[in-house]
Amino acid sequence: MLSRTASSLYWLGRYVERADFVARLVEATVRLDALSPTPAGEAAWESALRVTDSDALYADTGAPIDQANVARFLTIDSENAGSLVRCLDMARNNARAVRTALTREAWTAINRAWLLFNSQLRPGNAMATLNLVEAVKAETRGFEGAVLRMMRNEAVWLIRLGAAIERADNTARLVDVKYHLLLPEGEPVGGIVDRDQWTTILQTVSAVTAYRWLYAEGLKPNLVIDLLLTRPELPRSLAACVEETVEVLSLVGKRTGLQGEADRLARNRMAKLHRTRTHEVIVRGLHEYLDEFIAENAALDAAIARQFRFI
Amino acid sequence: MEDNRAFDEIWGKGGPQAPRPEFAALAAWINETPREELQRRTEAAENTFRQLGITFAVYGDRDASERIIPFDIVPRVFLADEWARLSQGLIQRVEAINAFLDDIYGERRILAEGVLPAELVLGNAQFRHEVVGIRPPHGVFAHICGIDLVRTGPDEFYVLEDNARTPSGVSYMLENREAMIRLCPELFRSFRVAAVDSYPDRLHETMRSVAPEGSGLRPVCVVLTPGHFNSAYYEHSFLADSMGIELVEPADLVVDDDVVWMQTIAGRVKVDVIYRRIDDDYLDPLVFRPDSMLGVPGLMAAYRAGNVTLINAPGNGIADDKAIYSYMPEIVRFYSGGEAKLPNVETYRCREPQALKYVLERLPELVVKLVDGSGGYGMLVGPTATKAEIEAFRAALIAEPHRYIAQPTLALSTVPTMTEAGLAPRHVDFRPFVLTGRDGVQVVPGGLTRVALREGSLVVNSSQGGGTKDSFVLMPEERRQMQAMGGMLQRQELGS
């Protein structure tokens, strides 16, 4: 496989995953906003900006932080490199560059997702936003399904690798921001707003039901953290992402003989996660733990680029 | 008074009530299928093309940077015997083009014998001094030719242009057929249409057949694209995909010690045959344009050393140059020893004073073209031009006559086409694709029919708003019987 193709497939995986994540985040925030009395709704949108690391860029626009403006910024704003429309643009550009490595189904799925934004570029109300993100989620699921039906070779694994690296980063940032999100003044810890925020987190990673299956207790922040960090059963947990990375790298290695620093970093990280105990992480500092995880993720990303000679 | 209605491929000179006898079934289909149904199918086809991203990019048009080419549901049909005659003419012409290229980059017999003026070849911008003396592997220069044809009557086919560089459109030939099979299956029950879907295999065979000596049993073939912003990128990826070979960009290739390698995740892989969809100018900055950011440095040295086959060969532009075109009848005669089976459109070379005088006197009746223009740019269509346009061309002609040729406006044939006001005749041209490998020349039974969608317009280029149609080539009667027998035999074998 061409090195350029490998790079585009990897980034295709990353951008599709990012688009899906942003769509889920917007959806969950719309819900949180609707349930909260102002100004908690405003805080919800502020946190969404921080999760996507676009709070500074948003501040530059000078727009007030409210549902209409932030939702617009996160979905259809072409000035925001992290917006849905830009993620899908990048995903499609990469897919176009490697069309020959994709099946027709995989390509049309991504092209269809991209076409969604060609037809409707108008800022909408909450309903319109929810419809749009629902459509994006459906299309990215369609893409994942199409990828599953592709020949089981490096092309598929590189897409999965990109998705796993991106997903790990997204989950880590989601937990980091939401955990540290300040409750509005006067709101009790464990009160309705607090609960709603934790539910939002679970919704963003589609884990509301998973939580109920895995934990007998009601919604507790430390258990949500446990779920998102250490439970490999949940596809978007850090543990699952890390295992996926190790597995995919070893599949590529078996087929091409290409193994190296990326494999070593990924395996180290898995060993470390297996040793992770949630209560210890919380005592020692969740933010520091997540910060370190995000830095490791970036180092792994760089190692992958070297190992597969991305150009 | 002369009947000035153009020949229609289906109605002939008659009308919807009196089709050409062979087309009764097609005429019945056209007449009996409700317009709304045809419209619905057209939209379904275009919708699929959009979802598949079968698009071309329009340069300098930021809002609609990708467009689909309008598709028309009514096919254009070639009868078996029409096609047999056309194929013979095409094979003869492409053989002559290859002989011509081999000759002028080698011995130059044709110039020595004065068949065409030496300076017209050697002083031509399309003549590449850089490849003089290089004989490509197995002597083939023009592996893929797209010969543009027009028709003015039952037996009047003319060659409008020879494309021997990087002719495009073959993906539309294949995708249009896919759309027709899906949307109008009944047509394939009433007509025995020759299949076009073997084209990618034939192209791949052609590529392998001209691999350099010593490439091994499985030569590595690739398609070289300028990248996914190129207007024909869809076609590049389509071809690589359907042949199952790599689609590479210049940055993926590196030349080391006159050998071309592609950079893969597992290291370098030697490349033997490159179907390049990049113009000569941008192939290799060490040889052609030094300012090109696109090319592969050292590619031409590898080519000269005989280590890689370039498809089509660099320097082919001289064969499809519009100034050389006017000499094609002489060129065909010189190399084949016979008369050209496919005539040229009558052409006035403005470089010749006599011809220039004639052209200047009759500008409003003629089509004038820049010899190095393409895609419908830099041309004057006299009958539809304004006075100002005509005067501007007159001035340009007088200033630089050698840059122009002129041709009479032909009454191009028409095919019924869906328009907003229902079916109406629209002018068409036709581009068949001719493959030349080590073992000879073959024509795929089909091609790209381009249709001018505006009423009366003769301009069919996609960059100028033209559309496309499927082109059916009907199988001869004997072939039908043979196929039926083949089918029976196969069933017997399976059953036993």
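**The interface of chain A and chain B**

Guide: In this predicted model, chain A and chain B bury about 2,300 Å² between them, with carbon and sulfur atoms giving 50% of that area. On the side of chain A, Leu2(A), Arg96(A) and Thr100(A) lose the most area to chain B, together 29% of what that side buries.

Visitor: Why is the pair Arg104(A) and Glu175(B) called a salt bridge?

Guide: The N to O distance between the two side chains is 2.8 Å. The cut-off is 4 Å, between a side-chain nitrogen of Lys or Arg and a carboxyl oxygen of Asp or Glu, so the pair qualifies. The count between chain A and chain B is three salt bridges.

Visitor: What makes up the side of chain A that touches chain B?

Guide: The elements that give two or more residues to this side are α1 (3-35), α5 (84-97) and α6 (104-119) of chain A. The largest share, six residues, comes from α6(A). By class, this side of chain A has 10 nonpolar, seven polar and eight charged residues.

Visitor: How many residues of each chain are in contact?

Guide: In chain A there are 25 such residues, and they are in contact with 26 residues of chain B. Across the interface, 15 residue pairs are in polar contact, both residues being at pLDDT 80 or more.

Visitor: What confidence does the predictor give to the complex and to chain B?

Guide: The complex has an ipTM of 0.81 and a pTM of 0.87. Chain B averages a pLDDT of 89, and 92% of the residues score at least 70. Over residues 484-496 of chain B, however, the pLDDT is below 50, and this stretch has zero contacts in the model beyond near neighbours in sequence.

Conventions: Residues numbered from 1 in each chain as written. Chains lettered and ligands numbered in written order. Heavy atoms only, no water. Contact = heavy atoms within 4.5 Å. Buried area = accessible area lost by both parts, 1.4 Å probe. Polar contact = N/O pair within 3.5 Å; in protein donor to acceptor, adjacent residues only side chain to side chain. Helix = DSSP H or I, 4+ residues; strand = E, 2+ residues; numbered from the N terminus. Nonpolar A, V, L, I, M, F, W, Y, C, P; charged D, E, K, R; others polar. pLDDT = per-residue confidence, 0-100.
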